[in-house]
Structures are given as C-alpha cells and as structure tokens.
Amino acid sequence: QVQLVESGGGLVQPGGSLRLSCAASRFTFSRSYMRWYRQAPGKERELVATISNTGSSTTYADSVKGRFTISRDNAKNTVYLQMNSLKPEDTAVYYCYADFIASWGQGTQVIVSS
C-alpha cells in the first residue's frame, strides 16, 4: 500500500521556523510531482507549494512566497517544506500529495502562536 507520512509539525512562535518532511514509500517517488497543501479550521484545503519530479521547478502560493521553500531528495524518497518567518495565519494541518498516485498523507499540525 502506498504511504505518505508527514512529520515535523508543532507549535512555534510568530517569526519562527519549522521544516516539514513527507516520506514516501511503495511507489516510484522520482516520477511524481509532489505538493504541499494546508487546511486551516473552517477553511478549504489550499495548495501551498509544488515541486517537479526532478526538483528543477517549484511554484508557491502568493501567501508563502519568499518564506517557504519546497525541496526533495529522490534518494531518500522525501519531500520537504522549509517554513520561515511563520505567521499566525500559517496555522493549519499540512498535507503532502503525490500526483503520480493521487494520494494524500495523514497531515501534520502546525500552530503558530505566542
């Protein structure tokens, strides 16, 4: 069974940083575009960042440009989301998504609060 397992969430103060990881297994990770989404309470899930299968191309939501960086290590079957200068409005459950197998992880909670 395909697995996507996120980790790295937690409670952080405004202005702080977190790095999320999503470990993939049981599919050809290097063939898949990967995405990070987030869903805040009472809001729809939104796309945060996308990375191509080789890592050569990335795109970001306007709300996180210049603060978040998506990257991947195909040797480790892992995609990352480095989040800097965090704001309270970044509070959400963060999910990774694999295009190749149209599958979601279980999510990791990020809370930005003083």
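This is a guided tour of one predicted protein model, stop by stop, with a suggestion at each stop of what to select in the viewer.

**Before you start**

Residues are numbered from 1 along each chain as its sequence is written, and because the model is predicted, local features need pLDDT of at least 70 and side-chain atom pairs count only at pLDDT 80 or more, while totals for chains, interfaces and linings use all residues. Side-chain values use heavy atoms, with hydrogens and water left out.

**Stop 1: the whole protein**

Show the whole protein as a cartoon, and you will find zero helices and eleven strands, where helices (H or I, at least four residues) and strands (E, at least two) are DSSP runs, numbered from the N terminus. The radius of gyration, which is taken over C-alpha atoms, is 13 Å, close to the 13 Å that the globule rule gives for 114 residues, so the protein is as compact as a globular protein of that length; the globule rule is 2.2 Å times the number of residues to the power 0.38. Along the principal axes, the C-alpha atoms fill a box of roughly 40 × 25 × 25 Å.

If you colour by accessibility, 43% of the 114 residues are buried, where buried means under 20% relative accessible area, exposed over 50%, and partly exposed in between, with a 1.4 Å probe and protein chains only. Contact means heavy atoms within 4.5 Å, and among contacts between residues at least 6 apart in sequence, 52% join residues at least 24 apart.

**Stop 2: the four-stranded sheet**

Next select β1, β3, β8 and β7, which form, in that order, an open sheet with antiparallel pairing; two strands pair if DSSP finds at least two bridges between them. β1 (3–7) and β7 (68–73) stand at the edges with a single partner strand each, so one side of each is left without a neighbour in the sheet. From one strand to the next the twist averages 15°, with axes being lines fitted to C-alpha atoms, for helices over the stretch in contact, and angles running from 0 to 180 degrees between N-to-C directions.

Zoom in on β7 and β8 (residues 78–83), which pair in the antiparallel sense over six bridges, and look for Ser71, which stands opposite Tyr80 in β8.

Then move to Ser21 in strand β3, which counts as buried at 18% relative accessibility. Leaving aside neighbours within four places in sequence, the residues in contact with Ser21 include Val5, Trp36 and Tyr80.

**Stop 3: the disulfide**

Select Cys22 and Cys96 and show their side chains: the two form a disulfide, with their sulfur atoms 2.0 Å apart, which satisfies the rule that a disulfide is a pair of cysteine sulfur atoms within 2.5 Å. Cys22 lies in strand β3 (residues 18–25) and Cys96 in strand β9 (residues 92–98), so the pair ties together parts that are 74 residues apart in sequence. The torsion about the S-S bond is about 45°, so the disulfide is right-handed. Cys22 is buried, with a relative accessible area of 0%, and Cys96 is buried too, again with 0%.

**Stop 4: strand β11 and its partners**

Now select strand β11 (residues 108–112), where the side chains alternate: Thr108, Val110 and Val112 point to one face and are buried, whereas Gln109 and Ile111 point to the other and are not. In a regular strand the side chains alternate between the two faces of the sheet.

Three bridges join β11 to β9, and these strands run antiparallel; here the bridge partner of Val93 is Gln109. Three bridges also join β2 to β11, but these two run parallel, and in this pairing Val12 has Val112 as its bridge partner.

Stay with Val12 in strand β2 (residues 10–12), which is buried with a relative accessible area of 11%. The C-alpha atoms of Val12 and Lys87 are separated by 9.4 Å, although the two residues are 75 apart along the chain.

**Stop 5: two loop residues**

Finish with Arg26, found in the loop between β3 and β4 (34–39), which has a positive phi of about 70° although it is not a glycine. At 58% relative accessibility, Arg26 counts as exposed. Then select Ala102 in the loop between β9 and β10 (103–104), where phi is near 45°, a positive value in a residue other than glycine.
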